[in-house]
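Subject: Structure for your review

Dear colleague,

Please find below the structure that I am handing over to you. My notes on what was found in it follow directly after.

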Amino acid sequence: AEYMGGDIFSLGFGPFRWVCTSGSADDLRVTDAIAADCIRKLLACGPPPAVVQQYEDNLAWIVAAESNALVVGSQARILYSNAEGRVAIALALNDAIRDGRLSAPVVTSRDHHDVSGTDSPWRETSNVEDGSMFCADMAIQNVIGDAMRGATWVSIHNGGGTGWGEAMNGGFGLVLDGSDDAAEKAARMLAFDVYNGVARRAWARNDNAIATIKGAMETTPKLRVTVPTLVDASDLAFLDA
């Protein structure tokens with residue numbers, strides 16, 4: 001959990017999900033191809049090496065996803081992705097619904113075991129080492145922020161994966177129906193849903209999170225996040241005198 005929270009989550013990557021409401025395996029197959037195309041385009045933009053590694057792993061997964069025969073019931077897929085990937089995939093899916101490549105709306109969501117979805121000092125926030133790992137605020141902030149930015153529904157629940165009282169979880173569902181309104185909500189909400197958690201991890205002085213949120217502010221002019229000012233331990237030596 002600390003590896004996940006410390007490295008992958010702090011890069012902004014976590015389990016993004018979508019469900020084909022048509023129940024059609026053909027639609028799911030189209031979404032796989034769309035997601036793979038989005039990842040290839042993101043790789044072509046020359047992201048940082050750590051992000052390249054994640055994208056390459058995710059591309060290998062989504063290309064082979066159907067052959068793994070993991071679908072049970074709903075025609076749904078899960079794919080580790082960051083804010084840029086989630087927004088790109090969601091917008092591409094929305095376009096595919098609009099132009100008829102997909103036969104029905106798609107619902108996007110994520111696991112609670114994600115960048116921002118859960119406060120749990122034993123798992124998801126175990127690497128938040130500024131003392132705030134014991135505060136159950138990030139999931140609540142996410143639910144409120146997601147709702148304000150256009151989520152179709154949000155939820156708060158407790159204990160996911162760890163047991164009652166050991167975690168606070170926040171979730172959402174966002175319906176893509178091919179409309180301009182859905183595209184606007186996806187671009188606005190999915191980015192916040194990730195960056196809220198990256199910011200929290202940056203404040204805890206995680207190097208990956210600091211680099212990720214600084215990069216996000218460069219590409220997203222309206223995003224403003226206070227980053228920590230790191231102090232060299234030698235500057236505090238006088239305290240031991």
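The sulfur of Cys 45 lies 11 Å from the closest cysteine sulfur, which belongs to Cys 38, and this is too far for a bond. A disulfide is a covalent bond between the sulfur atoms of two cysteines, and the cut-off applied here is a pair of sulfur atoms within 2.5 Å. By this rule the count comes to zero disulfides. Cys 20 is likewise in no disulfide, its nearest cysteine sulfur being that of Cys 38, 14 Å away. As to their surroundings, Cys 45 counts as exposed, at 65% relative accessibility, while Cys 20 counts as buried, at 4%. Please bear in mind that this is a predicted model, and that every value in this message is computed from it.

Cys 20 also appears among the contacts of Gln 75. Gln 75 sits in the loop between H3 and strand E2 (76-81). Is Gln 75 buried or exposed? With a relative accessibility of 13%, Gln 75 counts as buried, because the limit for that class is under 20%. Neighbours within four places in sequence left aside, Gln 75 is in contact with Trp 18, Val 19, Cys 20, Gly 23, Ser 24, Ala 25 and Leu 28.

Trp 18 leads to the interior of the model. The largest nonpolar core has 51 residues, and those with the most contacts inside it are Trp 18, Ile 62, Ile 89, Leu 93, Leu 190 and Tyr 195. Two or more residues are given to this core by each of strand E1 (14-20), helix H2 (25-44), helix H3 (49-64), helix H4 (83-98), strand E6 (168-176), helix H6 (180-203) and helix H7 (207-219). Which element makes the largest share of this core? That is H6, with nine residues.

Leu 190 shows what such a position is in touch with. Apart from neighbours within four places in sequence, Leu 190 is in contact with Phe 16, Arg 86, Val 87, Ala 90, Thr 108, Phe 172, Leu 174 and Lys 185.

Ile 97 is a further buried position, found in helix H4, with a relative accessible area of 12%. Its contacts, again without neighbours within four places in sequence, are Leu 102, Ala 104, Pro 105, Val 106, Leu 176, Asp 177 and Gly 178. Ile 97 and Lys 214, by comparison, are 117 residues apart in sequence and 33 Å apart in space, C-alpha to C-alpha.

I turn next to the charged side chains. Side chains of opposite charge can pair when their charged atoms come close. The structure holds 16 salt bridges, and the following pairs are among them:

- Asp 111 and Arg 17 form a salt bridge in which the closest N and O atoms are 3.2 Å apart. This pair links distant parts of the chain, 94 residues apart: Asp 111 is in the loop between strand E3 (106-110) and strand E4 (118-119), and Arg 17 is in strand E1. Asp 111 counts as buried, at 17% relative accessibility, whereas Arg 17 counts as partly exposed, at 34%.
- Arg 98 and Asp 95 form a salt bridge with the closest N and O atoms 2.9 Å apart. Both residues are in helix H4, and because they are three residues apart, about one helical turn separates them. Arg 98 is partly exposed, with a relative accessible area of 42%, and Asp 95 is also partly exposed, at 37%.
- Arg 123 and Glu 124 meet in a salt bridge at 3.0 Å, N to O. Arg 123 is partly exposed, with a relative accessible area of 24%, while Glu 124 counts as buried, at 0%.

In addition, salt bridges that share partners join Arg 86, Arg 110, Asp 114 and Asp 193 into one network.

Finally, the surface. Ile 140, Ile 144, Met 148 and Ile 156 form a nonpolar patch there, with about 400 Å² of accessible area together. Which element gives the largest share of this nonpolar patch? Helix H5 (residues 138-148) does, with three residues. Met 148 is found in helix H5 and is exposed, with a relative accessible area of 70%.

With kind regards

Conventions
Residues numbered from 1 in each chain as written. Predicted model: local features only at pLDDT ≥ 70, side-chain atom pairs only at ≥ 80, totals over all residues. Heavy atoms only, no water. Buried < 20%, exposed > 50% of the residue type's maximum accessible area, 1.4 Å probe, protein only. Patch = residues over 30% accessible without salt bridge, like charges linked within 9 Å, V, L, I, M, F, W, Y side chains within 5 Å. Areas by Shrake-Rupley, 256 points an atom, 1.4 Å probe, with all protein chains shown as cover. Salt bridge = Lys/Arg side-chain N within 4 Å of Asp/Glu carboxyl O. Helix = DSSP H or I, 4+ residues; strand = E, 2+ residues; numbered from the N terminus. Core = buried A, V, L, I, M, F, W, Y, C linked by side-chain atoms within 4.5 Å. Contact = heavy atoms within 4.5 Å.
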